Amino acid sequence: MRVEFDRDACIGMYQCVTEWEAGFEADRDAGKAILTDGEETADGVFVRDVPADAELDAKFAARACPVDAIRVYDDDGEQVV
Ligand code: SF4
């Protein structure tokens, strides 16, 4: 499973940090989240693999985001959230 985070879309409400503490951090100075260990694959877009034991948390984080800045894909590349 893979998570993709669009930092430009993020409005810093930090529900993702609450849902997946090991996956997201709050950058309160910037008013944005940080995808922990995320790799920037396009301008403002960060990606990382989701550990098997964090898949539920990653999905909850994606569902909780009010602006759909977080997307979750399965191993076949299909978007699941
Ligand atoms: S829940 Fe969405 S808008 Fe809020 S900090 Fe996380 S990514 Fe940004």
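**Exercise 1. Determine the strand order of the open sheet and state which strands stand at its edges.**

Solution. The open sheet holds 4 strands in the order β4-β5-β1-β6, with antiparallel pairing. Here strands (E, at least two residues) and helices (H or I, at least four residues) are DSSP runs numbered from the N terminus, and two strands pair if DSSP finds at least two bridges between them. The model is predicted: local features need pLDDT of at least 70, side-chain atom pairs count only at pLDDT 80 or more, and totals for chains, interfaces and linings use all residues. Residues are numbered from 1 along each chain as its sequence is written.

Next, consider the edges. β4 (39-42) and β6 (70-73) each have a single partner strand, so one side of each lacks a neighbour in the sheet. From one strand to the next, the twist averages 30°, with angles running from 0 to 180 degrees between N-to-C directions of axes, which are lines fitted to C-alpha atoms, for helices over the stretch in contact.

**Exercise 2. Describe how β1 is joined to β6, and how helix α2 is placed on the sheet.**

Solution. Strand β1 (residues 2-6) runs antiparallel to β6, and 4 bridges join them. V3 has V72 of β6 as its bridge partner. Helix α2 (residues 55-64) packs on the sheet and touches β1 and β6; the direction of α2 makes about 140° with that of β6. Contact requires C-beta atoms, placed from the backbone, within 7 Å.

**Exercise 3. Identify buried residues of α2 and explain on which side they lie.**

Solution. A58, A61 and A62 are buried in α2. A residue is buried if 20 or more other C-beta atoms lie within 10 Å of its own, exposed if 12 or fewer, and partly exposed in between. These three residues cover an arc of only 95° around the axis, and therefore lie on the same side of α2; the arc is that of the directions from the helix axis to the C-beta atoms. The buried residues of α2 pack against β1, α1 (15-19), β2 (24-27) and β6.

**Exercise 4. Locate G38 and classify its exposure.**

Solution. G38 lies in the loop between β3 (32-35) and β4. G38 counts as partly exposed because it has 18 C-beta neighbours inside 10 Å. Leaving aside residues up to four places away in sequence, G38 touches F5, F46, V47 and R48. The C-alpha atoms of G38 and V3 are separated by 8.9 Å, although these residues are 35 residues apart along the chain.

Methods. Two residues are in contact if their C-beta atoms, placed from the backbone, lie within 7 Å.
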